[in-house]
Amino acid sequence: MSATTQATVAFIGLGNMGGPMASNLVKAGFKVQAFDLSATALAQLASEGAKACASAAEAATGAEFIISMLPAGKHVAMTYTGDTGIASVINKDALVIDCSTIDASTARKVGADLAALGIAFIDAPVSGGVGGARAGTLTFIVGGSAQNFNRAQPVLSAMGKNLFHAGDVGAGQVAKICNNMLLSILMVGTSEALQLGIDNGLDPKTLSDIMLKSSGRNWTLELYNPCPDVMPNVPSSNGYQGGFMVDLMAKDLSLATETALSSQSSTPMGTLARSLYVAHQRQGHGKEDFSGIFQMFGKKN
Ligand code: NAD
């Protein structure tokens with residue numbers, strides 16, 4: 001085991017993603033000092049060998065890496081900066097790694113506020129979901145300097161398989177929402193195409209096979225068919241349970257829309273996909289997998 005794998009890592013936010021990610025760091029030999037508002041989540045990680053801390057500040061004290069996996073930008077800003085922030089206890093030679101999916105402008109602001117205190121920061125949002133977090137196969141999409149990207153590699157490698165350097169601070173967040181916006185558009189397009197075929201007498205499996213060998217081929221058809229019973233072991237064949245929740249897709253699409261507004265980018269398909277996912281969420285499907293958007297195009301009564 002290298003010296004780096006013995007580094008002390010503070011981990012803040014032990015939810016569906018952060019819990020298993022921190023667990024993989026413990027398994028890899030890092031000394032993990034953890035904090036979450038949930039006592040249950042904290043106790044679970046402590047039972048696996050992490051030190052349970054009473055606050056984010058206690059967790060960050062003496063750590064070489066500080067990782068956060070929190071719900072949204074306001075939680076990240078509150079954790080690090082301002083009156084409630086922990087910046088003052090962070091070692092000057094530590095690296096802060098925020099893995100949450102948040103707006104790029106907050107990531108840049110937190111990065112700049114920490115930089116003003118001499119503390120290094122990268123944004124490192126992830127792709128791969130809860131399954132990837134458990135298996136240690138996440139994709140990390142990093143924004144920050146090349147030097148800090150390199151410094152983070154031993155820690156990120158213990159939780160993921162693919163590490164990308166997208167650009168400066170904030171670039172990880174931008175790349176992540178570009179990907180998820182495209183994914184949602186592909187999912188909606190695939191769903192409506194499949195239903196059009198079904199409405200006109202085609203078998204969805206046969207149509208999927210045809211499109212997979214034709215120019216409509218895409219990730220959703222290859223690995224995540226939204227039509228029930230076309231593919232085994234995907235959420236559509238399991239009542240849209242598990243997978244990537246509509247609530248999270250709606251959140252990411254809202255971040256994409258905000259980003260597009262601030263850069264005056266034209267994203268008509270992404271904006272429409274956001275409206276469809278928000279409508280689907282409002283119909284009570286927020287906790288279901290995002291491939292369930294297929295139901296929106298379903299049978300006529
Ligand atoms: P979650 O709600 O399961 O976990 C969030 C955790 O943060 C909770 O345990 C909560 O108690 C804790 N928390 C909130 N505020 C806190 C604070 N101030 N201090 C300490 N702990 C605090 O969410 P999740 O599914 O783990 O997602 C976390 C982040 O990862 C989000 O930004 C999400 O968009 C992103 N993400 C999630 C998935 C997924 O499939 N779940 C995939 C990719 C990215």
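Here a biologist and a modeller talk through a predicted model and the terms used to describe it.

Biologist: Let's start with the pocket. How much space lies in the largest pocket, and which residues are closest to its centre?

Modeller: About 1,500 Å³ of space lies in the largest pocket. It is lined by 50 residues, and the closest to its centre are Met17, Gly129, Val130, Phe244 and Leu248.

Biologist: What makes you say that the largest pocket lies between domain 1 and domain 2?

Modeller: The lining tells us. Domain 1 (8–168) and domain 2 (174–297) both give residues to it, so the pocket lies between the two.

Biologist: Which elements give two or more residues to that lining, and which gives the most?

Modeller: Two or more residues come from each of α4 (73–80), β7 (126–127), α6 (129–135), α8 (171–199), α10 (219–223) and α11 (246–262). Helix α8 gives the most, with 6 residues.

Biologist: And what is the make-up of the lining by class?

Modeller: The lining has 26 nonpolar, 18 polar and 6 charged residues. Gly129 is counted among the polar ones, because Gly belongs to that class.

Biologist: What does UniProt say about the two parts of the chain?

Modeller: An unreviewed UniProt entry lists "domain: 6-phosphogluconate dehydrogenase NADP-binding" at residues 8–167. It places "domain: 3-hydroxyisobutyrate dehydrogenase-like NAD-binding" at residues 170–296. In the model, the span 8–167 is 40% helix and 25% strand, and its end C-alpha atoms lie 26 Å apart. The span 170–296 is 61% helix and 0% strand, with its end C-alpha atoms 34 Å apart.

Biologist: Which residue does the UniProt annotation "active site" cover, and why is that residue called buried?

Modeller: The annotation, again from an unreviewed entry, covers Lys176, whose place is in helix α8. Buried means under 20% relative accessible area. Lys176 has 7%, so it is buried.

Biologist: Why does Met69 count as buried?

Modeller: The cut-off is again under 20%. Met69 has 14% relative accessibility, so it counts as buried. You will find Met69 in the loop between β4 (65–68) and α4.

Biologist: Now the rings. Why is the pair of Trp219 and Tyr224 called stacked?

Modeller: A pair of aromatic rings is described by the distance of the centres and the angle of the planes. Rings pair if their centres lie within 6.5 Å, and planes under 30 degrees apart count as stacked. Trp219 and Tyr224 are 5.2 Å apart, centre to centre, with 25° between the planes. Both values meet the cut-offs, so the pair is stacked.

Biologist: Then what makes the pair of Tyr224 and Phe290 tilted?

Modeller: Their centres are 5.5 Å apart and the angle between the planes is 35°. Stacked needs under 30 degrees and edge-to-face over 60, so 35° makes this pair tilted.

Biologist: How do you know that the pair of Tyr224 and Phe290 ties together parts that are apart in sequence?

Modeller: Tyr224 lies in the loop between α10 and α11, while Phe290 is in the segment after α12 (268–285), so the pair ties together parts 66 residues apart in sequence. The structure holds 3 aromatic pairs, and ring pairs link Trp219, Tyr224, Phe244 and Phe290 into a cluster.

Biologist: Are Trp219, Tyr224 and Phe290 buried or exposed?

Modeller: Tyr224 has a relative accessible area of 13%, so it is buried. Phe290 is buried too, with 2%. Trp219 has 37%, which falls between the 20% and 50% cut-offs, so it is partly exposed.

Biologist: Why is Phe297 called partly exposed?

Modeller: Its relative accessible area is 21%. Buried requires under 20% and exposed over 50%, so Phe297 falls in between. Phe297 lies in the segment after α12.

Biologist: What is notable about the phi of Asp229 and of Asn233, and how do you know that they are exposed?

Modeller: Asp229 has a positive phi of about 65° although it is not a glycine. Asn233, also not a glycine, has a positive phi of about 60°. Asp229 is in the loop between α10 and α11, and Asn233 lies in that loop as well. Exposed means over 50% relative accessible area. Asp229 has 67%, so it is exposed, and Asn233 has 78%, so it is exposed too.

Conventions. Residues numbered from 1 in each chain as written. Predicted model: local features only at pLDDT ≥ 70, side-chain atom pairs only at ≥ 80, totals over all residues. Heavy atoms only, no water. 1 Å grid on protein atoms, 1.4 Å probe; cavity = no way out; pocket = protein on both sides within 12 Å on 5 of 7 lines; lining within 4 Å. Points joined across faces, edges and corners; volume = space filled by probe spheres on them. Helix = DSSP H or I, 4+ residues; strand = E, 2+ residues; numbered from the N terminus. Domains from an automatic or database assignment. UniProt positions renumbered as here; feature names shortened; annotations may be inferred. Buried < 20%, exposed > 50% of the residue type's maximum accessible area, 1.4 Å probe, protein only. Phe/Tyr/Trp six-rings, centres within 6.5 Å; stacked < 30°, edge-to-face > 60°.
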